[in-house]
Amino acid sequence: MSQSDTPNEKQQFTYIGKHRRAVEHRRFVVGAGNFAGDIQLPGMCHVAIVASPYPSAQIIKIDAQAALALPGVVTVLTGEELCQQIEPILPGVDAPSVQRFPLAYPIIRYSGEWVVAVVAQSRAIAEDAAELIQVQYAELPFVIDPEKALQTGTHLVHQIAKTNLIFDRQFVWGPVDQDLANCAHTINYRVRWARSSTVPIETFAVVCDWQDATQILDVWASIQMPKFPDQLAKALRLPNNSVRVHFDIDVGGSYGVKRGLKHTILVAYLAKKLHRPIRFIEDRLENMRGGDMQGPDRIFEVTMGFENDGEIRSMKMHAIDDIGAYAGRTPLQLGKPVGAICGPYRIQSVAYHAQAVLTNKTPQEAVRGFGQAPTNYAIETGIDLVARFLKMSRIDLRKRNLIANNEFPYLIPSGTHYDSGDYAAVLDKALKSASIEDLHQQRDDLRKSGELAGIGISTCLEPSGGNSAFEPLFNPKNETTTWMESCLVRIDLGGTITAIMGTSSSGQAHETLVSTVIAEILLQDPETIRVIHSDSLNALPSNSPVGSRMAIMLGGAAAGAAKKLKQQLLAIAAYQLQKNPNDLVYSANRIYDHTNQNNQISWSTLVEIAHRKFHLLPANMEPGLQEKFVWEVPTGGQLPSTDGKVQMYPCHSFESHVVLLSIDPKTGKVKIHRYVCGHDCGVMISPDVVHGMTYGGIAHGLGAALMEKFAFSPEGQFLSGTFMDYLLPSATEVPGITIVDHCTPSPLTEFGQKGSGEAGYLGSPAAIASAINDALATIQASINYLPMTPNAIWNAIQDKNSTKISN
Amino acid sequence: MAQINSYTITIEVNGQSVTKMVEPRISLVDFIREELRLTGTHVGCEHGICGACSILLNGDPVRSCCMFAIQANGMRITTVEGLAPERGQLSKIQDAFCEKHALQCGFCTPGMLIACQALINKIPQPNETQIRAAIGGNLCRCTGYQQIVDAVLFATKISSPNPEQ
């Protein structure tokens with residue numbers, strides 16, 4: 001259920017903000033999606049992987065004789081060969097010695113790391129052959145706990161790096177020590193966000209084909225990754241224009257993690273070497289164990305300083321992120337939260353110590369929110385603790401500290417301006433929709449009936465319009481300030497419109513977004529506008545759908561291109577009607593003179609002139625109707641200051657969560673009775689899409705809060721490789737959810753839109769944790785780590801006051 | 001490794017009889033996807049939890065990853081490609097999924113549609129609790145299930161409103 005009663009949302013738009021069936025849905029409901037795993041090419045071979053059973057070892061010998069003797073086996077590839085033929089995958093931070101190759105050689109750094117790839121005529125034969133390969137290992141010491149990994153004398157995951165601390169920086173924004181010393185009170189607390197991830201239902205799949213004659217590598221892969229073709233070309237030592245990634249592949253969910261660089265490098269190498277199409281589809285165990293897609297795994301130590309009236313003045317946060325055995329962009333997940341480090345609160349000074357630590361675990365990948373959800377959970381936990389300390393209501397304390405609607409643009413201590421917002425109004429809407437007084441009554445009734453019951457509140461930011469300002473912030477050698485998105489729009493001779501985007505989609509309904517936006521500008525029926533995903537050789541520059549950016553960036557690029565076409569049509573009309581373009585009115589099917597409506601020219605005539613009648617075109621106008629627009633992210637283009645201040649993302653959506661739950665004290669099982677989310681992402685281009693992402697984000701956050709964890713044994717063995725060990729929320733765990741919309745337009749975007757791809761997930765773990773601890777507070781117990789599983793809750797009830805941190 | 005024998009099986013697939021040689025070890029979902037090229041049915045976990053591979057087997061929803069193709073010999077299966085009454089049309093539940101935005105990436109959707117169709121076949125006007133129970137074995141990471149529940153309610157309300165809602 002969603003509710004909307006914001007007056008300015010129903011503004012002047014023709015197509016934006018209206019209910020519209022997503023263009024993409026039709027192919028999916030009839031089973032005609034085009035996923036990477038659906039690609040079947042003549043002569044295609046298949047890959048199976050041999051993975052290390054040890055978290056840390058040296059490969060002594062690989063015996064593949066029996067495997068190679070099996071009929072149908074084409075080749076066996078080891079890291080010894082592969083590592084010499086390709087370039088390594090390097091970290092996003094300045095640690096060039098921490099190199100990753102698709103197959104390990106000679107050192108194994110986590111249990112499940114890929115050691116050998118077997119290619120055969122069928123997947124079954126490849127798997128049979130993989131079982132026949134004998135690998136002799138010499139076990140080495142290992143380190144699993146990130147805090148132990150920081151101690152001197154501990155095992156080094158990469159000996160050559162001389163440290164497990166791959167990134168370490170202390171930021172101080174304002175007089176933190178002085179402010180903390182002058183505050184009436186300070187509290188210190190520790191929270192741990194568990195290693196979980198987005199775990200899409202589609203695993204990673206890739207098909208590669210190489211043709212000597214054209215020197216082109218064709219790639220069909222389930223990817224969501226900025227600059228994927230460029231990185232692939234670099235690793236394979238190919239010119240960039242030899243790599244053709246087909247972006248018309250439907251991606252079966254990603255939410256950040258579908259990077260698959262190592263998978264694709266491996267398969268591309270094999271395709272080129274064997275001159276045959278090669279397909280690799282992770283099975284679920286490979287996906288969970290060696291797919292390198294686990295998420296942030298973070299320990300926070302926080303100090304908050306505050307006054308008797310609840311004013312929170314200063315915060316010191318230390319975050320240790322266990323990134324696993326290798327690093328791609330993952331240390332940067334500690335960087336993105338710099339742009340919302342004080343949450344939606346008026347905290348005047350902040351210190352932030354960010355440490356990314358290598359351990360002998362599966363590597364991390366980017367996860368929905370790029371590190372913001374854990375940080376939001378850490379901040380919100382502190383807000384609740386301050387309220388409890390002061391015996392103040394959690395709602396009143398938040399309202400005491402929320403940035404007010406007349407303070408925007410608001411500059412936070414770390415150098416980012418928040419663009420716009422009305423946080424108190426969004427909180428109030430959620431409280432009203434949840435009937436907060438009734439909710440308190442229900443909670444108290446549940447408590448009287450013997451249940452442990454609690455109400456959870458969170459108020460969290462969703463930075464959106466993703467740029468990459470954390471790259472130069474965390475790596476001074478990287479001066480990337482460009483983070484553009486593009487669109488090309490064409491009106492053909494028949495007058496129909498085609499738009500071209502240069503990236504793949506993983507459920508965000510970009511075709512619907514682009515066609516709605518173009519329809520809005522050109523006033524044509526959006527159902528007649530076709531949107532295609534080009535391949536990377538045809539594509540205009542894109543940075544892919546990361547960082548909740550596409551409504552803003554792709555929407556802005558599509559609008560920009562459409563506006564150029566509109567100007568061209570107006571110029572042709574002006575020339576024909578002998579008028580100044582400013583005297584003309586553009587409408588759905590004609591352009592006319594506003595002083596004389598009969599002085600007009602039809603859309604179809606204008607299109608025909610542009611395409612066929614050069615003699616009627618204004619001088620110096622290119623024939624045809626085709627325009628591109630490449631848009632740099634608003635507020636982008638700046639390097640961080642030397643003291644670590646940076647404008648991170650441009651736009652800031654906001655969400656408030658209110659939840660009532662109860663706990664069965666005998667089992668620790670949680671039942672959610674009411675869930676309301678107030679949400680403001682500015683103008684919604686496609687409300688159904690925004691609501692869908694928000695529902696999904698809340699469900700994902702529920703998983704992170706209560707169920708999901710990639711567990712490792714103290715011996716470094718991966719323990720949750722199936723959906724019986726790693727639990728995803730089903731329709732019986734996820735409750736009915738009410739979303740209440742609010743609209744504070746962004747001043748930085750075409751239509752006032754903000755991003756929402758990470759909505760829900762950025763606040764629901766904090767709200768659910770808040771509710772659990774409200775319930776446990778009645779028996780003086782608490783939990784400071786996720787996931788708060790029935791077992792964790794039961795233990796907390798038994799211990800009364802658990803301060804244990806699970807590994 | 002010994003030579004693996006193949007056997008002939010006949011299955012009614014979306015109303016058409018299909019006869020093929022199969023190895024005994026090929027799973028039903030691999031047979032549907034790789035041999036019949038009906039790629040609407042998806043593979044998510046291959047251990048019977050996620051439900052992406054759901055099909056109707058003699059009218060009942062089953063995991064096609066958890067049985068062998070040879071076990072379906074002589075049986076009748078319906079995949080997502082067989083849900084629409086005619087080419088170019090949508091079934092009520094397919095139409096409702098589009099209308100209520102009950103999908104995003106579309107990967108779990110075929111299995112989800114099968115689960116919903118099986119429910120509606122048994123209970124023409126289910127309530128929310130019945131819907132959640134019926135799709136409880138199908139995982140979706142995009143939607144949080146809300147709009148799927150809305151879609152089933154919508155699909156089953158059009159002809160006659162559900163008295164329980």
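Is Asn14(B) buried, partly exposed or exposed, judging by its C-beta neighbours inside 10 Å? Keep that one in mind for a moment, and hello everyone. What I'm showing today is a predicted model, and I'd like to walk you through it chain by chain.

Back to the opening question. Asn14(B) has 18 C-beta neighbours inside 10 Å, so it counts as partly exposed. To be called buried, a residue needs 20 or more. You can find Asn14(B) in the loop between strand 1 (7-13) and strand 2 (16-22) of chain B. Its backbone is worth a look too: phi is positive, about 50 degrees, although Asn14(B) is not a glycine.

Chain B has a second residue of this kind. His101(B), also not a glycine, has a positive phi of about 55 degrees. Look for His101(B) in the loop between helix 2 (92-99) and helix 3 (109-122) of chain B. Here the surroundings are fuller: 28 other C-beta atoms lie within 10 Å, so His101(B) is buried.

Now let's zoom out to chain B as a whole. Five helices and five strands make it up. If you trace the sequence from start to end, the order is β-β-α-β-β-β-α-α-α-α. Chain B has a radius of gyration of 17 Å, and the globule rule gives 15 Å for 165 residues; the two are close, so chain B is as compact as a globular protein of that length. Along the principal axes, its C-alpha atoms fill a box of roughly 60 × 30 × 25 Å. Of the 165 residues, 54% count as buried. And if we take contacts between residues at least 6 apart in sequence, 57% of them join residues at least 24 apart.

How is chain B divided into domains? The assignment gives domain 1 (7-82) and domain 2 (92-157). Their C-alpha centres are 21 Å apart. Where the domains meet, domain 1 of chain B contributes 14 residues and domain 2 of chain B contributes twelve. On the domain 1 side, strand 3 (54-57) and strand 4 (60-63) each supply at least two residues, and strand 3 gives the most, with three. By class, that side of domain 1 has seven nonpolar, six polar and one charged residues.

Next, chain A. Its domain assignment lists domain 1 (36-140 + 204-281), domain 2 (298-469 + 639-799) and domain 3 (484-631). Notice that domains 1 and 2 are each written as two stretches of sequence. The C-alpha centres of domain 1 and domain 3 of chain A lie 41 Å apart. Still, 18 residues of domain 1 are in contact with 17 residues of domain 3. On the domain 1 side, strand 12 (residues 243-245) of chain A provides the largest share, three residues. That side splits into nine nonpolar, six polar and three charged residues.

What about the inside? The largest nonpolar core has 312 residues, and those touching the most other members include Val47(A), Cys487(A) and Ala558(A). Helix 16 (residues 550-577) of chain A gives this core its largest share, 14 residues. As for Ala558(A), leaving out residues up to four places away in sequence, its partners are Cys487(A), Val489(A), Ala499(A), Val514(A), Val517(A) and Ile518(A).

Two peptide bonds in chain A also deserve a stop. The bond joining Phe408(A) and Pro409(A) is cis, with omega about -5 degrees; Pro409(A) sits in the loop between helix 11 (394-401) and strand 17 (410-411). The bond from Leu786(A) to Pro787(A) is cis as well, with omega near -10 degrees. Pro787(A) is in the loop between helix 19 (764-777) and helix 20 (790-799) of chain A.

Finally, how do the two chains meet? The contact takes 48 residues from chain A and 42 residues from chain B. On the chain A side, helix 1 (25-29), helix 4 (123-132) and helix 18 (687-706) each give two or more residues, and helix 18 makes the largest share, with eight. The chain A side contains 23 nonpolar, 15 polar and ten charged residues.

Let me finish with helix 18 of chain A. Its 20 residues reach 28 Å from the first C-alpha to the last, close to the 28 Å expected at 1.5 Å a residue. Buried or exposed? In helix 18 of chain A, 20 of the 20 residues are buried, so the helix is largely enclosed by the rest of the structure. Thanks for listening!

Key: Residues are numbered from 1 along each chain as its sequence is written. Chains are lettered from A and ligands numbered from 1 in the order in which they are written. This is a predicted model: local features need pLDDT of at least 70, side-chain atom pairs count only at pLDDT 80 or more; totals for chains, interfaces and linings use all residues. A nonpolar core is a set of buried Ala, Val, Leu, Ile, Met, Phe, Trp, Tyr and Cys residues joined through C-beta atoms within 7 Å. A residue is buried if 20 or more other C-beta atoms lie within 10 Å of its own, exposed if 12 or fewer, and partly exposed in between; C-beta atoms are placed from the backbone. Helices (H or I, at least four residues) and strands (E, at least two) are DSSP runs, numbered from the N terminus. Two residues are in contact if their C-beta atoms, placed from the backbone, lie within 7 Å. Ala, Val, Leu, Ile, Met, Phe, Trp, Tyr, Cys and Pro count as nonpolar, Asp, Glu, Lys and Arg as charged, and the others, Gly among them, as polar. Domain bounds come from an automatic or database domain assignment. The radius of gyration is taken over C-alpha atoms; the globule rule is 2.2 Å times the number of residues to the power 0.38. The expected span of a helix is 1.5 Å times one less than its number of residues.
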